[in-house]
Amino acid sequence: MKLTVVAAQTRVSWDIQRNLAAIAAALAGTRSGEVAVLPEAAVSGYDDQLSGLGRLDPDVITAAIDRVAEQACERQIHLFCGSLLPENGTWLNAALYLGPDGSRQIYRKVNLATHERGRLAAGSALPVFPVQLPGGPVGAGVQLCREILFPEQWRYLAGAGAQLFVYPTYAANPTVPAGVWRSHLVSHAAASQRFVVAANVADPRQHCPSAVISPRGEVLGELPPAQPGLLRVVIDTGDCGDWYLGQRREDVVRIVSAGGPGGSSPRASTD
């Protein structure tokens, strides 16, 4: 099945209204039926110190997410959008699926960054979201930022039915060697034979591109760093496959699920 995916590279700050304006400008370039991906914490703001976390107002964030959800409905797009999210008296790092019919799903970041631990609550599930398209559902698995470093989570999602990896990130750290995270994107796509759609923050310090990668590991498109932009690529889920997944030696190493409903955390075991 063919579909159009859009990686939206936007600027992200702790100014919610500025973020909403950046999101609105990006979504103005989308078209009905497309699957669009915004960066990590595109609504709430973010940095590697979580310097603005204490100033976030849960009601303001909730209202801002509602506004972005309205735009997904107005434009009839399938939108994946990152935000710090209030839940049960604490904060999560989350990616929300906002459907054209008003439906919502939440991925709660499982593997928190060092500076997030003790300040944000970690998720405990790796769900695959069914994106309902005219030709049928497409399974989308979400990973956030540093979760690029944990291949077992990506492999679990592929085995659980994901045909598309959605990767919102805030990867703007000048201490990370250039090209490393780009190579991770290629590796995850090729090893799992799945598409990857990555959306990073528009920042001159970017160390991960906003890009679309094919199940063969081909970079189908990539945005230049620093500037806001949209990358639009038509993909065909028929290119996905289980050739490598089907050759795994599960008598030696096996990924099993552990955790709550709606998708679970992976655990490797050896026999």
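This report describes the sheets, the packed helices and the largest pocket of a predicted model.

Residues are numbered from 1 along each chain as its sequence is written. Because the model is predicted, local features need pLDDT of at least 70 and side-chain atom pairs count only at pLDDT 80 or more, whereas totals for chains, interfaces and linings use all residues, and side-chain values use heavy atoms, leaving out hydrogens and water.

**Sheets**

Helices (H or I, at least four residues) and strands (E, at least two) are DSSP runs numbered from the N terminus. Two strands count as paired if DSSP finds at least two bridges between them.

One open sheet has six strands in the order S5-S4-S3-S2-S1-S12, with mixed pairing. Its edge strands, S5 (104-108) and S12 (229-236), each pair on one side only. Neighbouring strands here are turned by 30 degrees against each other on average, direction ignored. Within this sheet, Pro86 has Trp91 of S4 as its bridge partner.

A further open sheet of six strands, also of mixed pairing, follows the order S6-S7-S8-S9-S10-S11. Strands S6 (128-133) and S11 (219-222) each have a single partner strand, so one side of each is left without a neighbour in the sheet. The average turn between neighbouring strands of this sheet is 20 degrees, direction ignored. Val196 is bridged to Ile213 in S10.

| Strand pair | Sense | Bridges |
|---|---|---|
| S3 (residues 78-87) and S4 (residues 90-98) | antiparallel | nine bridges |
| S9 (residues 195-200) and S10 (residues 211-213) | antiparallel | three bridges |

**Helices**

Axes are lines fitted to C-alpha atoms, for helices over the stretch in contact, and angles run from 0 to 180 degrees between N-to-C directions. Contact means heavy atoms within 4.5 Å.

Helix H2 (residues 58-75) lies across S3, S4 and S5, at about 170 degrees to S3. The axes of H3 (residues 151-159) and H4 (residues 180-192) come within 10 Å and cross at roughly 35 degrees. In their contact, Pro151, Trp154, Arg155 and Ala158 of H3 meet His188, Ala191 and Ser192 of H4.

**Largest pocket**

A pocket is an open set of points on a 1 Å grid over the protein atoms alone, where a 1.4 Å probe fits, with protein on both sides within 12 Å along at least five of seven lines; lining residues have an atom within 4 Å of a point. The volume is the space filled by probe spheres set on the points, which are joined across faces, edges and corners.

The largest pocket holds about 180 Å³ of space. Of its 15 lining residues, Asp48, His115, Cys145, Asn173 and Trp181 are the closest to its centre.
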